[in-house]
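Reader: I have a new model open on my screen. Could you help me read it, one feature at a time?

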Amino acid sequence: MLSSRLSSCPKRRIEHTLSTHYCHNLYDFRRYSTQRLTPPSPQHSIYISNSTNPYFNLSFEDWLFRRKAADKPLLLLYRDDPCVVIGRNQNPWKEVNLPVLRASKTIPFVRRRSGGGTVYHDLGNTNFSIHLPRTSFDRHMTAQVVLRAVRSLGIDATVNDRNDICVGTEKVSGSAYKIVSQRAYHHGTMLISTKLETLGDLLHTHSKDTMETKGVASVRSPVRNLQQFKRGVTHGAFVEAVMHEFRKEYGLLGNDDKVQMIDEDDCRDIEYIQHGMSELPSWEWAYGQTPEFTYTVHQTFKWGSAQAKIKSKHGIILSCDLCVSGPTEGTDTTAGGSVASMSAALQGVTAVSMDEPLRFVVKEVEQMLQGRRYGFISAREILSGLGTHDNTKVGAVEDLVSWLVNLMDS
Amino acid sequence: MLARRLQKLAGRRFIAACLHTSCRVQNSQKIIEKFKLADIGEGITECEIIKWNVKPQTAIQAFEPLCEVQSDKASVEITSPFDGVVTRILVEEGQVAKVGSDLCLIEVVKESAASSSIAEPVDVPSTSDTASTRPTTVEPKTNEQESRDELSSTHNIPRRKHPMDPTFSPDVDSNSPVLATPSVRHFARQRGVDLAQLVPGSGRDGRITRRDLDEYLVGVDTTSSNKERVASQDNQDVVVELGRTRYGMWKAMEKSLQIPHFGYSTTLDLTPLHGLLPRLNAHIPSHYLPPSTVLEVPPAVSPASLYPLPPTPEVPPSGQYTRLTYLPFLLKTLAKSMLEWPLFRASITQVADASLKPTLTIRPHSDISIALSTPNGLYTPTIQNVDTFSVYSLSSHLKHLSYLGRQTPSGLTLKEMPKRGGTLTVSNVGAIGAGDFAAPVLVPGGGVAIVAIGKAKWIWDVDQGDGSGERRLKVGISWSADHRVVEGAELAAFVECWRGYVENPERMIADSV
C-alpha cells in the first residue's frame, strides 16, 4: 500500500508541484523540521504541528484562530502526548478519574477553550481543527469533510445525530466548537490506534451521581480505533486524506500555498502562544473555571454517620454543610448493648442529634473548609487548625476530616 | 452694511426663536440599551452563560468580548455591540438565557438627529405651543384626536401597509428585526446607510451581509439609467422555479377545481363599529399594550389590596398593539353567526374510501382560517374556537400570527396551521390597495366557504338618513362557497345573520354578559 502511494506521487508532482513535495514527508514528518528564522505567519491555510505538547497545540490553535484573516478557511492537524482534555465548562471531578490520573504521574488533564465533553488524547489519536468565517460556518459541512477523508481510507463511516463520526454504533471521533464574533472552529479527535483501556480507566469515574454540576456533562459512547476496522490506517494516511478533502471543499486544490510544519521552538517569540501555554496548566484555568456544583455524600463510621453537602464554585469551596449524627435507631437492632455504649461514649447524644461539643467542632471544620480550593486540602492542615477539643471526639473528627479530604481527592 | 448686520442678527434670533418653540434640541443623551442574546444559529434556542468578561459599572468598547456562553458543544464568545458602560448584568454566570432575552444593560451616549428638531422658519408664526402636542406618530394621543375629529380621523391615521403592497417601504419600527453582524453594522454606520432599507439580506436567516451593503452603495451611486440598462440587457426569457410555498399553492389550487364554487357578494355597513372604535381603543387591557404606552403610576387604591387579582396572560411583544382594527370584530361576529348556523361549522369528513356517501362533521366551536400573505408565500393559519376569544384577544392573536408569518423563514408552525384547518376562511384582501370585491378560491381543507373582505370606504348612501342620504363606511365582502354543501339561499341568510351582528354591534353587550 505504501509503495502504491509513493508511485502515485510522481503523477501528482506534475500537477501540484509544491503540495506533493510534502507527500513523502507526511509519513515521517516528526523527523522533518523547518529551520525558521522568523516566527511562522498565521495567514497560511494548512498547518501541521510537530509538537506533541497539548498546552502548545491548544495555544497555537487559539493563536491561529484569532490571527488568521477572518474570511479564509484554515486547517490544523496535531497529536498530543497522553492527556485528558475536558471541555471549557466541565467539572474535572465529575468527568475525570483523578486518582488514576495522579497514579499515572505523567498524564495531565487539560481544559480546552471550546465546549463539549471529555476526551483522551495520545499519540494514537489525531486531532483536526477547521477554522472558518462565522457566517459560513456549518458544523455539518465540516463534519462531512472529515467523514469523506475517513471514507477515502476505505472505512464505512457515518455521522451521527450529535455530529460525531462513527463506524456502525461506535464512535471514532468526538467534536467540539468555538464561535467568536468573526470566526468559528470545529475541532475534534480521530481515534486511530489509541490505548482504549487507558481511555476507559481515565474517563470512568466511579459514579458521582450525587455531584450535581452546572455546566456540560459528557455524553459517553463506546469508542473504537480506526485500525480496528482497517489495519494499516495510520496517522499519516489520515492527515493526508483530511488535507485533500479540505482542499477540495474550499477550492484550494490548485493553490500552491505550502503546508506549514510547526515546531514548538518556532513560536518561542510569539507572546500570545507563550501566555496561553502558561495559562492552560494554571490552577485558575484548569480548576478555577469549574462551574458551580454541589456534592452530597453520606458515610457511616464506627461512631455514627455523617452527611456532607459541599457547594463549590470556580474550584473554591463556598460552603460545606456537615450533619453528623450518632448511630440511628433501628439500624443496629441486634447490638443493643453496643448501641448503648456508643451513645454513652458520645455523652448521651440522642439518636439523630449531635451533642454540643461535636457540633461546635463540626462547625469549625465547616468554617475551615470554606474558601479553600476544592481538592487541594490536606487533612493535617485542617486538623491542626482546629482548636482543642474533647479527647473522645478526636477519633470522630479525624475520621470526618480524612473522609472529606479523600472525597475531594477522588 | 449695518442694516445687513442687523438683518443677520434678526435672522439668527429668528432661527433661535424657531428652535426654541419647536421640539427640544438635544445634542446627545445617555440611553440605557438592552443587549439581547442574538441568534447564534444552528438551531440553538438557549445558552448557559459561562463567564462575564466585565463587571457592572465598567466601560466597554464595541467589539470587545463581553461574555462567553455555551450551548451543546459550542462555546461562543459574545462581543459588545456598543461603546458604553455596562450598568447591570441581567443573567448571571451559570444561568441559562434564551435567545432573544436580555443579557445586560449598557449605557450608551447617543447623538440624536438634529435635523428633526430644526423647524422651517416659515412655520414659526403659526407654530405655537400646541405644535408639540400635535402628534406626528400614531400613539396614545390618537384617541383624543379621533373623538375630536371622527369623520376625518381615518385620514390622519396612516394605515400600516401590507408588506406585499407595492408602495410598502419597511420602516424601522416594524416588528421584523434587522439582522446583521456587528462589523456590517459598523460599516453601515460609517457610510450612513440605514440597514432597515436592506431588510431582508442575503445572509442566513435574512441577515444583511457585507455584499448586500456594497451592492446597495453601488446602487445608490449609479444612476437609474444604469439599472434600466441592466434590466433590458436581458432580452431573453428567464425560467424561474417555483418556491415551496408557491408550489404548495399550485397544488392546492389544482385540487380546488374539484369544488363547485358559487359566489355571493354584498357590502357591510361599518359605521356603528367605526364609532365604537375610539372608546374601545381607550380600554385595551394593559397586557395587550406595548410596555412603552402603559403609564406606570401606582394607583392610590388598588383592587388587589384584599386578594391578588387573577394572573394576566403572557402576551409576547409581537402580540401587543395600540389600536384595534375591524378584522377582529368581523371575525368575532362571524364566529357568533357560525354558532347560530351549524352548517358553517361543518367540514367534509375525510374518508379513505371515496365511494362511501359523504358526511359532514359539525364542530362545537367556530374555527376560522385566515389567509396570510407573507414574503414567503400564501399561508392559511387557523384560529380555533374563535367564539371563545374576546375582540381584544383576537386582535392580539392576529397581530402575532402576521408577525410569525412575516419572519424569514416563516415562524408559522403546525400549532398555528393544524391539519384540520377551519370551516370558514377569511381573506383580508382589502389590506392591499383599494379593492372592493374579489372571487376567492376555496381549497380542500379550507372549509365550506371563503370570504374576501375589501377595503372599507366612505360612501354616500342615499338609503340612509332621512331621505337626504348619509355618509357611511362600507366594506365589500365576497363569498365563495362549496355548492356541494351550501345552498345559495343558505349562504345569503347566513350573511344576513352576520350583518345583523356587524351593523348592530351593541347586540354583543346583551350576548356576552
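Reader: How many residues does each of chain A and chain B bring to the contact?

Author: This is a predicted model, where local features need pLDDT of at least 70, side-chain atom pairs count only at pLDDT 80 or more, and totals for chains, interfaces and linings use all residues. Residues are numbered from 1 along each chain as its sequence is written, chains are lettered from A and ligands numbered from 1 in the order in which they are written, and side-chain values use heavy atoms, without hydrogens and water. Contact means heavy atoms within 4.5 Å. Here chain B gives 20 residues and chain A gives 27 residues.

Reader: How many salt bridges does the rule find across the interface of chain B and chain A?

Author: A salt bridge is a side-chain nitrogen of Lys or Arg within 4 Å of a carboxyl oxygen of Asp or Glu. Across this interface there are four. K73(B) and D164(A) also form a salt bridge, at 2.9 Å from N to O.

Reader: Which residues does A176(A) contact, leaving aside neighbours within four places in sequence?

Author: Among them are R112(A), Y185(A) and K73(B).

Reader: Is A176(A) buried or exposed?

Author: Buried means under 20% relative accessible area, exposed over 50%, and partly exposed in between (1.4 Å probe, protein chains only). A176(A) has 2%, so this residue is buried.

Reader: And Y247(B): buried, partly exposed or exposed?

Author: Y247(B) counts as partly exposed because its relative accessibility is 41%.
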